[in-house]
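Let's take a walk through this structure together, starting with the empty spaces inside it and ending with the charged pairs that link its parts.

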Amino acid sequence: MDSASLASKYDDIEKNIDHLFVKPTSQACQYFETQKKLIKTIRNRSLDERLDPYLYEERITTAFDVLSNIKSSLSAVDGGLSKSHWSLDKQKIWFHQEDAVIGGFAPEENDPVINREELLTATSEYLIHSWMQIKRLDWMLLNALLFIELYSFRGAVFSGLAFGEINWRNLISGRDPKKIVLTSLLLESAKFFARYIVPPLIITGLYFLHFEKAFWGVGGIYLVYLLIKLVFWPSRYLEKKKKEQRLKKAESQILKMVRCYHFCKDPVVSPRALLQQIEEATTLEVNYDGALFSLLDRIIAKNKVMLTPWYED
């Protein structure tokens, strides 16, 4: 079959799959534009290979399925739009997140909801099919993989789960810095009163009310409590220092992960510089999934100088 006939067959196939396109509701439709870019790229590569029309149609269907899976795994993000709005928006796939979201200071309703397992599966599907790989999807997946690791780890540190405990102060106050400070003051004040103010008041009350047995009983128990606190003070102090060291290490890891994420901000990304940042992060025991390294290796193999997702491949 000559090139003209093959191109004509491809045209017929593209007309038949028109129903698979997400129709744009505005001039800026990320999903629709990505679908068009995929069609153009797959068509050119298939024409170069003189691929059978049946296999070309199969490629298009597979590519659209993979794109749908990517969108599904990132189904609640657009860099700041609330989930309730984003869940209705079929036009967006992924954008670089705002600083407030990256730092964990945005309202929780603006948080992205990413299905990590679905994202990793979609990334592996994308990497398998080299004929559908384009710069904008390279970047979206790379950016999302970096973000989900940062987001997950920061959340674990914030909740205390990263240290095998529950941080009630943060869970009660949420993300509001003022509420965090206020909650800390209230909790510390409550602990101080419960330990050192309320028991002596009760003991004093028992004394003046002439409950002598209760006075000596409660007073003796409280005295034993204070002695135990005194005896175990060194071990508590050492445990507090260990917690501070773990928290300091976690804060260093988060800062490095934030730096890695900022190195992946569009419109121009330096793959080599990003890889260097990620390698530095791993020396701090930051863990990234292997899918991220596979994707980055592929990007560097194609162009180690720069990745420009919104320009032609």
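Before we look at what lines the spaces, a word on classes: Ala, Val, Leu, Ile, Met, Phe, Trp, Tyr, Cys and Pro count as nonpolar, Asp, Glu, Lys and Arg as charged, and the others, Gly among them, as polar. Please also keep in mind that this is a predicted model.

With those classes in hand, turn to the enclosed space. The structure holds 1 cavity of 30 Å³ or more, and about 60 Å³ of space lies in the largest cavity. Around the largest cavity you will find Lys-135, Asp-138, Arg-298, Ile-299, Lys-302, Asn-303, Met-306 and Leu-307. Two elements give two or more residues each to this lining, namely helix 7 (135-159) and helix 13 (290-302). Helix 13 supplies the largest share, with 3 residues. By class, the lining of the largest cavity divides into 3 nonpolar, 1 polar and 4 charged residues.

Next comes the open space. The largest pocket holds about 1600 Å³. Its lining is made of 44 residues, and those nearest the centre of the pocket are Glu-165, Asn-167, Arg-169, Asn-170 and Leu-247. At least two lining residues come from each of helix 5 (99-103), helix 7, helix 8 (168-173), helix 9 (177-208) and helix 11 (233-262). Of these, helix 11 gives the largest share of the lining of the largest pocket, 13 residues. Sorted by class, the lining of the largest pocket has 18 nonpolar, 9 polar and 17 charged residues.

Helix 7, which we have met in both linings, returns in the nonpolar interior. The largest nonpolar core has 66 residues, and those touching the most other members are Trp-94, Met-132, Leu-137, Leu-142, Leu-146 and Tyr-288. Helix 7 makes the largest contribution to this core, 12 residues.

Now for the charged pairs. Which residue forms a salt bridge with Asp-11? The partner is Arg-43, and the closest N and O atoms of the pair are 3.0 Å apart. Arg-43 lies in helix 2 (residues 30-49) and Asp-11 in helix 1 (residues 3-16), so this salt bridge ties together parts that are 32 residues apart in sequence. Buried means under 20% relative accessible area, so Arg-43, at 15%, counts as buried. Asp-11, with a relative accessible area of 32%, is partly exposed.

This pair is part of a wider count: a search of the whole structure finds 14 salt bridges. Another of them joins Glu-149 to Arg-116, with the closest N and O atoms 2.7 Å apart. Here Glu-149 sits in helix 7 and Arg-116 in helix 6 (residues 116-128), so the link spans distant parts of the chain, 33 residues apart. Glu-149 is buried, at 10% relative accessibility, while Arg-116 is partly exposed at 27%.

Arg-116 also meets Asp-289 in a salt bridge, at 3.9 Å from N to O. Asp-289 lies in the loop between helix 12 (271-283) and helix 13, and Arg-116 lies in helix 6, so this pair ties together parts that are 173 residues apart in sequence. Asp-289 has a relative accessible area of 24% and is partly exposed. To finish, look at these contacts together: Arg-116, Glu-117, Glu-149 and Asp-289 are linked in a network of salt bridges.

How values were computed
Residues numbered from 1 in each chain as written. Predicted model: local features only at pLDDT ≥ 70, side-chain atom pairs only at ≥ 80, totals over all residues. Heavy atoms only, no water. 1 Å grid on protein atoms, 1.4 Å probe; cavity = no way out; pocket = protein on both sides within 12 Å on 5 of 7 lines; lining within 4 Å. Points joined across faces, edges and corners; volume = space filled by probe spheres on them. Helix = DSSP H or I, 4+ residues; strand = E, 2+ residues; numbered from the N terminus. Core = buried A, V, L, I, M, F, W, Y, C linked by side-chain atoms within 4.5 Å. Buried < 20%, exposed > 50% of the residue type's maximum accessible area, 1.4 Å probe, protein only. Salt bridge = Lys/Arg side-chain N within 4 Å of Asp/Glu carboxyl O.
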